[in-house]
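Here's a quick walk through this one, starting from a single residue and working outwards. Have the model open as you read.

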Amino acid sequence: MKYTGDVNEIMKLIKHRMIDNDVTQKDICNATGWSKGTVSNLLGGKTENPSLKIILQLCDAIGCDFMIDITENNQD
């Protein structure tokens, strides 16, 4: 999936990875020390602009890597 600037797209990918890895919100709470409300807000897109650090911690908690690729813009 190509990222178009919507954090909800990242959260959808994370939720899919959670399903693949059989990780629950409670597992994320236990791994990060965050409250259930915090995790729910992040995954539900209610956290408007989560930091890169938060996204990386979330990915660590579910056992995946977060990668960013920067490429040339194909505009003439």
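## Starting at Leu 52

Leu 52 sits in helix α4, which covers residues 52–62. Bear in mind that this is a predicted model.

So is Leu 52 buried, partly exposed or exposed? Its relative accessible area is 46%, and because buried means under 20% and exposed over 50%, Leu 52 counts as partly exposed.

## The patch around it

Which residues join Leu 52 in a nonpolar surface patch? Leu 56, Ile 68 and Ile 70 do, and together with Leu 52 they make a patch of about 430 Å².

Stepping back to the whole surface, the protein chain has an accessible area of about 5,800 Å², with carbon and sulfur atoms contributing 47% of that. Of the 76 residues in the chain, 26% are buried.

## The overall layout

The protein chain has four helices and zero strands, so there's little to memorise in the order of elements, which is α-α-α-α from the N terminus on.

Along the principal axes, the C-alpha atoms take up a box of roughly 50 × 25 × 20 Å. Looking at contacts with a separation of 6 or more, 51% are between residues 24 or more positions apart.

## How far to trust it

Mean pLDDT for the protein chain is 90, and 92% of its residues score 70 or more. Among the elements, helix α2 (residues 25–32) has the highest mean, at 97, while helix α1 (residues 7–20) has the lowest, at 92.

Where pLDDT is low, don't read the predicted coordinates in detail.

Methods
Residues are numbered from 1 along each chain as its sequence is written. This is a predicted model: local features need pLDDT of at least 70, side-chain atom pairs count only at pLDDT 80 or more; totals for chains, interfaces and linings use all residues. Side-chain values use heavy atoms; hydrogens and water are left out. Patches are made of residues with over 30% relative accessible area and no salt bridge: like charges are joined within 9 Å, nonpolar side chains (Val, Leu, Ile, Met, Phe, Trp, Tyr) within 5 Å. Accessible areas come from the Shrake-Rupley method with a 1.4 Å probe; for residues, only the protein chains shown count as cover. A salt bridge is a side-chain nitrogen of Lys or Arg within 4 Å of a carboxyl oxygen of Asp or Glu. Helices (H or I, at least four residues) and strands (E, at least two) are DSSP runs, numbered from the N terminus. Buried means under 20% relative accessible area, exposed over 50%, partly exposed in between (1.4 Å probe, protein chains only). pLDDT is the predictor's confidence in each residue, from 0 to 100. Contact means heavy atoms within 4.5 Å.
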